[in-house]
Amino acid sequence: MISKTMEQALNKHLKEEAYSFYLYLAMSAYLEQANFKGIAKWMRVQAQEEMTHAMKFFDHLHERGGAVKLLAIEQPKATWPSIAAAFQAAMEHERSITKKINALVDKAAAENDHATANFLQWFVKEQVEEEATVEPIVKQLEAIGEHMGALYHLDHQLGKRGSA
Ligand SMILES: [Fe+2]
Ligand SMILES: [Fe+2]
């Protein structure tokens, strides 16, 4: 059985993952409209992954006898100044999620909630991967700058990402 405060914290994080879905879906829409179909697809796959993360919290709450409470999801931005700015925002977002996961791990330890601590380890690892995936794209985009040929090449490369 999960504590009430842990239940609250996990519900809050379920919403953070759902917001991540919304944020990357908004970035995907922005990229579709800018006609970068490959990068739009990459973001769409990223969004789908975030929804699976939210569902892991949904399932864990139920498995531990907690109640799921779906909180309101904030409206994400609809546009960014550039593709580089969107990926920069994605990187900052992932770093903020990592901090939130770490805070949850601390909370689980403080409460001696071993089941939740164990559940969260998957996310600790996932956040390492998430940051490691986005950071090189941010660097590539910085290097590309306004070079359209290189940008379309990246669009083609990122469009190869398979569905989640
Ligand atoms: Fe996530
Ligand atoms: Fe993520």
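**A two-iron site in a predicted model**

Glu94 is buried, with a relative accessible area of 1%. The model that places Glu94 here is predicted. Glu130 is likewise counted as buried, at 4% relative accessibility. The cut-off for buried is under 20%.

Both residues serve one metal. The iron ion (ligand 2) is coordinated by OE atoms of Glu50, Glu94 and Glu130, and Glu94 appears twice among the donors. Distances run from 2.0 to 2.6 Å. The angles among the four donor atoms span 53 to 151 degrees, and the site is irregular. A tetrahedral site would need all angles between 85 and 135 degrees. Along the chain, the donors of this ion follow the spacing E-x43-E-x35-E. Glu94 belongs to helix H3 (residues 83-110) and Glu130 to helix H4 (residues 114-144), so this pair ties together parts that are 36 residues apart in sequence.

The iron ion (ligand 1) has a donor set of Glu17 (OE), Glu50 (OE) and His53 (ND1). These protein donors lie 2.1 Å from the ion. Their spacing along the chain reads E-x32-E-x2-H. Glu17 sits in helix H1 (residues 4-33), whereas His53 sits in helix H2 (residues 37-63). This pair, 36 residues apart, links distant parts of the chain. Both Glu17 and His53 are buried.

The two sites share a ligand. Glu50 coordinates both the iron ion (ligand 1) and the iron ion (ligand 2). The ions bridged by Glu50 lie 3.3 Å apart.

Definitions and conventions. Residues numbered from 1 in each chain as written. Chains lettered and ligands numbered in written order. Predicted model: local features only at pLDDT ≥ 70, side-chain atom pairs only at ≥ 80, totals over all residues. Heavy atoms only, no water. Donors = N, O, S within 2.8 Å, 3.2 Å for Na, K, Ca; no water. Helix = DSSP H or I, 4+ residues; strand = E, 2+ residues; numbered from the N terminus. Buried < 20%, exposed > 50% of the residue type's maximum accessible area, 1.4 Å probe, protein only. Tetrahedral: all angles 85-135°; square planar, octahedral: opposite > 155°, others 65-115°.
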